[in-house]
Amino acid sequence: MSLQLTLLGWSASGLRCPDHQINLCPENNTTPYPVTLVQMPNGTGKTTTLNMLRATLSGAAREWNSQKIREFQRSGDSTQSGQFVVKLGIDDNLLTFELNLDFIQGKVTYRTSSSHGSGIRDGFLPPLEIKKFLNPEFVNLFVFDGELANTLLNPKQTRARDAIDSLFQLSLLEKAAYHFQDNWERHAQNSSSKF
């Protein structure tokens, strides 16, 4: 089964980066431009935007502590909340992830909406068919900065193994093997030998 997953755009408001909206498609169209370049001067929020893209696409912000959440508040601003919204196309359907940051309580919430009939739901809820692609390890491989680009192209520092592991989640097999071995050893210690 072939599946086309496309980044259509994003928007930011109330965050350390300037409020902005980026559309990667012509108006009233879900086919993105062949190439889109987003250029921002130093100090205007490129890193914040990349971090927000990664967190919104992977659900990673659920693990952030209150201090990390508050780091995304605009300096000297009394804004109590921020929001980052990412729009994706899955074949002919629209999927939207919304990351909301509460700077007062130091908490984040996600909302997911889909044109596929499920409407708006609380939580980070990617459809099953793309869930394995929207984990922090894999998202970091396609939402990256210049430093990662250098290592991706450097044959001595290849990230191919990371990409394969993230895509096929091979580390789950290693974790399962560890738990099976640990369980076996505990079971063997607790049982007495009988003759």
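**Exercise 1. Determine which element gives the largest share of the lining of the largest pocket, and describe that lining.**

Solution. Helix H1 contributes the largest share, 5 residues. The model is predicted, so local features need pLDDT of at least 70 and side-chain atom pairs pLDDT 80 or more, whereas totals for linings use all residues. Residues are numbered from 1 along the chain, and side-chain values use heavy atoms, without hydrogens and water.

The pocket holds about 650 Å³ of space. A pocket here is an open set of points on a 1 Å grid where a 1.4 Å probe fits, with protein on both sides within 12 Å along at least five of seven lines, and lining residues have an atom within 4 Å of a point. Of its 25 lining residues, the closest to the centre are Leu 7, Trp 10, Leu 50, Leu 53 and Phe 142. Two or more residues come from each of strand E1 (5-13) and helix H1 (46-58). By class, the lining divides into 19 nonpolar, 4 polar and 2 charged residues.

**Exercise 2. Identify which residues are joined into one network by salt bridges that share partners.**

Solution. A salt bridge requires a side-chain nitrogen of Lys or Arg within 4 Å of a carboxyl oxygen of Asp or Glu. Arg 74 meets Asp 19 at 2.6 Å, N to O, and this pair links parts of the chain 55 residues apart. Arg 74 also pairs with Asp 77, with the closest N and O atoms 3.5 Å apart. A further bridge, between Glu 98 and Arg 111, spans 3.1 Å, joining strand E4 (residues 93-102) to strand E5 (residues 107-114). The network therefore consists of Asp 19, Arg 74 and Asp 77, joined by salt bridges that share partners.

How values were computed
Grid points are joined across faces, edges and corners, and a volume is the space filled by probe spheres set on the points. Helices (H or I, at least four residues) and strands (E, at least two) are DSSP runs, numbered from the N terminus. Ala, Val, Leu, Ile, Met, Phe, Trp, Tyr, Cys and Pro count as nonpolar, Asp, Glu, Lys and Arg as charged, and the others, Gly among them, as polar.
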